[in-house]
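Visitor: I am new to this structure and would like to learn how to read it. Please take me through its features one at a time.

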Amino acid sequence: MDNDLDEKGFNVMMKETMQLVGAFNIGDFIPYLRSFDLQGLTRRMKAVGKIFDDFFEKIIDEHIQSNTKDEKNMDFVDVMLGLVGTKEYEYSIERPTIKSIMMDMLAASMDTSATAIEWTISELLKNPRVMKKAQNELEIVVGIKRKVEESDLKKLEYLDMVIKESLRLHPVVPLLIPHQSVEDCMVEDFFIPKKSRVLVNAWSIMRDPNAWTDPDKFWPERFEGSNINAKGGDFQLIPFGSGRRGCPGMQLGLIVIRLVVAQLVHCFDWKLPNHMLPSDLDMTEEFALTMPRANHLIAIPNYRLYNDSN
Ligand code: HEM
């Protein structure tokens, strides 16, 4: 349940986490100020850390008590618990490892995918022409008598372009995750000393007018006949980062976004509330480690698939 994590609810806690992780912390840059915690960030981080830790402890305890052995009914936590103490891997899996992976699954996987889906639907509502074209493609590929399934995704080329375009304009992790150079190196004319903290501004790269025509325009057709994909090999489109520390959940993330967006636009026609015009839809971003909408999207669905009562 939403309030199992904390009475404030899952979303509020996740937002607080993303803001804290993305905040500019003076102590990171002037280390002797760190212990004073002038901005109160460490205090807030410890409080959030404890809430998540208690929650994960409770989940692990519940799983140990239920002691599921039947493979069919085992969930993610059961599988990880089954690996505790085994010598199957070169590294050992213990309770803190399980808690960290659970945190990854909540923050790195669920929140990111949900943010990307909300931005894509927002862009589709703001651009009714694109929405119609995506719905037409779904009607041709899937029809209106059944729901779209994962196996349909590879045939939905326009949808793929829509999602690439949405990730380009609204990168979920706008500055990626801070990296650190392991050795001295040169990048073009710049000398980067060993142990420098490197921030990659993916947001600005993906709106760079030298790389993109009309960079601020939502225009999925720009990918027509182009080989550019979002998987890290084309540096002008890096919503998942690139290289060894690029996002390991990219494939899962892409499938989830494609499938959920496809189902939402295939099953429903959408309109904005209070006769709002698409051009009036507020697209303000909120900056933290991730970049969600400042205000959640509110839209009204109307079921559009065929059913017997139609
Ligand atoms: C829309 C979905 C997603 C987006 C846009 C996204 C984006 C990113 C980005 C930009 C990074 C940083 C890469 C870098 O700094 O070079 C990252 C890292 C990471 N992502 Fe994702 N991600 C998504 C979904 C997922 C999913 C589904 C999972 C797990 C199942 C996941 C797990 C991770 C992890 C563990 C890291 C840290 C990797 C490391 O530090 O080596 N992500 N993600």
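**Reading the model**

Guide: A record is a good place to begin: UniProt, in an unreviewed entry, places the feature "binding site" at C247. Keep in mind that the model itself is predicted.

Visitor: Where in the chain is C247 found?

Guide: To place a residue, look for the elements on either side of it. C247 sits in the loop between α9 (202-205) and α10 (250-267).

Visitor: Is C247 buried or exposed?

Guide: Burial is read by counting C-beta atoms around a residue, and 20 or more within 10 Å make it buried. C247 has 23 such neighbours inside 10 Å, so C247 counts as buried. Beyond the neighbours within four places in sequence, its contacts are F240, G241 and G253.

Visitor: Which residues come nearest to the ligand?

Guide: The surroundings of a ligand can be read as a shell of residues. Here 21 residues are around the ligand, and L176, G241, C247, G249 and G253 come nearest. Two elements, α6 (95-126) and α10, give two or more residues to this shell. The most comes from α6, with six residues.

Visitor: How many residues of each class does the shell around the ligand have?

Guide: The shell around the ligand divides into 12 nonpolar, seven polar and two charged residues.

Visitor: How many helices and strands does the chain have?

Guide: For the chain as a whole, begin with the elements: there are 10 helices and six strands. Next comes the extent, where the C-alpha atoms fill a box of roughly 60 × 60 × 40 Å along the principal axes. Of the 310 residues in the chain, 21% are buried. Contacts can also be sorted by distance along the sequence. Taking those with a separation of 6 or more, 65% join residues 24 or more positions apart.

Visitor: Which domains does the assignment give?

Guide: The domain assignment gives domain 1 (1-93) and domain 2 (112-303). Their centres, taken over C-alpha atoms, are separated by 27 Å. Where the domains meet, four residues of domain 1 are in contact with four residues of domain 2. On the domain 1 side, the touching residues are two nonpolar, two polar and no charged.

Visitor: Which members of the largest nonpolar core touch the most other members?

Guide: A core is read from its members and from the elements that supply them. The largest nonpolar core has 36 residues, and A134, L159, V162, V261 and A262 touch the most other members. The elements giving two or more residues to this core are α2 (10-22), α6, α7, α8, α9 and α10. The largest share, six residues, is from α8. As for V162, the residues it touches, not counting those up to four places away in sequence, are T120, V130, A134 and P220.

Visitor: Why does S166 count as buried?

Guide: S166 lies in helix α8. S166 is buried because 26 other C-beta atoms lie within 10 Å. Past its neighbours within four places in sequence, S166 is in contact with A116, W119, T120 and E123. Distance along the chain and distance in space are separate readings: S166 and V256 are 90 residues apart in sequence and 14 Å apart in space, C-alpha to C-alpha.

Visitor: What surrounds V142, with its C-beta atoms within 10 Å?

Guide: This is the in-between case. V142 has 18 other C-beta atoms within 10 Å and is therefore partly exposed. V142 lies in the loop between α7 (128-141) and α8 (157-169). Leaving aside neighbours within four places in sequence, V142 is in contact with V148, D152 and H266.

Visitor: Which residue other than glycine has a positive phi near 50°?

Guide: Backbone angles are read residue by residue. E188, a residue other than glycine, has a positive phi, near 50°. E188 is in the loop between β2 (185-187) and β3 (190-192). With 4 other C-beta atoms within 10 Å, E188 is exposed. Another case is N274, where phi is also positive, near 55°. N274 belongs to the loop between β5 (268-271) and β6 (300-303). N274 counts as exposed because it has 7 C-beta neighbours inside 10 Å.

How values were computed
Residues are numbered from 1 along each chain as its sequence is written. This is a predicted model: local features need pLDDT of at least 70, side-chain atom pairs count only at pLDDT 80 or more; totals for chains, interfaces and linings use all residues. UniProt positions are given in the numbering used here, feature names are shortened, and annotations may be inferred rather than shown by experiment. Helices (H or I, at least four residues) and strands (E, at least two) are DSSP runs, numbered from the N terminus. A residue is buried if 20 or more other C-beta atoms lie within 10 Å of its own, exposed if 12 or fewer, and partly exposed in between; C-beta atoms are placed from the backbone. Two residues are in contact if their C-beta atoms, placed from the backbone, lie within 7 Å. A residue is near a molecule or strand if its C-beta atom, placed from the backbone, lies within 6 Å of it. Ala, Val, Leu, Ile, Met, Phe, Trp, Tyr, Cys and Pro count as nonpolar, Asp, Glu, Lys and Arg as charged, and the others, Gly among them, as polar. Domain bounds come from an automatic or database domain assignment. A nonpolar core is a set of buried Ala, Val, Leu, Ile, Met, Phe, Trp, Tyr and Cys residues joined through C-beta atoms within 7 Å.
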